[in-house]
Amino acid sequence: MQCPHFDAGTCRSCPLMGVPYAEQLNRKQAGVRRLLDPVAGTREPDGSELWLNPVPSRESGFRNKAKMVVTGSAEHPRLGILDPRQHPKHHDGTGVDLRDCGLYEPPLGAAFPVVAEVITAAGLTPYDVGSRTGELKHVILTLSPSGRLMIRFVLRSRDQLPALRAAVPALLAALPATEVVTANLLPEHRALLEGPEEIHLAGAPTLPMLLNGIPLNLRPQGFFQTNTALAATLYALASEWLDTTDAASVWDLYCGVGGFGFQLAEVRSHGDGRTGPLPAGTERTVWGLETSADAVAAAQVTARDLGVQDRVRFAVGDATAIPTGRTPDHVPHRATEVPPVGTGAGEMPAELPDAVVVNPPRRGIGSELAGWIQASGIPHVLYSSCNAATLARDLEHLPGYRPVRARLLDMFPQTEHYEVLMLLERR
């Protein structure tokens, strides 16, 4: 893949642009293994190779989400990024238009001109970071697997909200695939994408994200993997690996909208029809924990839609708070009562699970949560990581577990970023 913006030096978001894709994959795999082999080893318990081949992505047209800084003028808006050649503290507000960026899925590229026309028709003044004037800071577009759109306008204040409201019917007419339209308020002059307040303008409250046959729901401020195809592969791979165990209950920590949790809620038949110790169709109980109340509400909608709310439950809470007040000598034994964590109907179950899934941010799960898992006796851990350095550090706090298999998924071609999935079992 080649990009004129990269070649011109006006966008450096893709540092591996121009590197042959096979070389990109090899670099990532080698870099991850340099960090993880010393702590995880290189072999499965049966002596076979621990690492499977990396899962490749499309090189272009894979991103389902566009986070565009709006610059220029209402008459001639630019959707893209701030000029990276200027120092952030002394930026004059000049932007680089990236509507032709090759990373986005084609329907997003087709939507950008319409969004720009709506900005002009509504007279929405782009925010100028140099003078700290103007109203429209960002537009954020998300594309569902079925081709539906969520469109969000991030404003400094409510001043131009009436003009935006008046322009929404024209937006819906020009983009009939639009499912959700909102305005987000970000009054502070800070390097943030969005603020806490979301104002619904049109459509449904959530964007349906059908993945591997599961109708996940995404709210405006919810997190979803930006590479739809690789997200589906990641969740399916986790399911396939867990189906080789006898795990009948799962805790999904950092659960988001339930991508892992719903996929793991039932034993599935994979490939040649075989599963493992539990027959296909065996139902698992799942408890998910997530800091975002919006994500938990969306996951609960999915559970109700699927009729599994009695055994797939979610709570708002911080996974790193689970060990609070415990030391290894009084962590409860498996199948014993534990104090409640989380809010609402999804309070922590009375029994510890057969498996735990962690999908933390780049900082990892940390020594306290890793230490709690180490002391808990939970038989299986699925760790999904976007940062092999913190995964390696967390593994050092899990000496009672051995890696069973591992795989890199190239969620982010043209960059150094990736996702790693690793299955651990109790020694």
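Modeller: Let's start with a term: a polar contact is a pair of N or O atoms within 3.5 Å, one able to donate a hydrogen and the other to accept it. Keep in mind that this is a predicted model.

Colleague: Thanks! What makes the pair Leu16 and Gln24 a polar contact?

Modeller: The backbone oxygen of Leu16 lies 3.3 Å from a polar atom of the Gln24 side chain. The cut-off is 3.5 Å, so this pair is within it. The Gln24 side chain also has a polar atom 2.9 Å from the backbone nitrogen of Gln414.

Colleague: Why is Gln24 called buried?

Modeller: Buried means under 20% relative accessible area, and Gln24 has 0%, so the word applies. Gln24 sits in helix H2, residues 21–40. Beyond its neighbours within four places in sequence, the residues in contact with Gln24 include Val19, Pro413 and Thr415.

Colleague: Now the sheet. Why are E12 and E15 said to stand at the edges?

Modeller: The open sheet has seven strands, ordered E12-E11-E10-E13-E14-E16-E15, with mixed pairing. Strands E12 (312–316) and E15 (401–409) each have a single partner strand, so one side of each is left without a neighbour in the sheet. From one strand to the next, the twist averages 15 degrees.

Colleague: How do you know that E10 and E13 pair?

Modeller: Pairing takes at least two bridges, and strand E10 (residues 249–253) has four with strand E13 (residues 355–358), in the parallel sense. So the two strands count as paired. Within this pair, Asp252 stands opposite Val357 in E13.

Conventions:
Residues numbered from 1 in each chain as written. Predicted model: local features only at pLDDT ≥ 70, side-chain atom pairs only at ≥ 80, totals over all residues. Heavy atoms only, no water. Buried < 20%, exposed > 50% of the residue type's maximum accessible area, 1.4 Å probe, protein only. Contact = heavy atoms within 4.5 Å. Axes fitted to C-alpha atoms, helices over the stretch in contact; angles between N-to-C directions.
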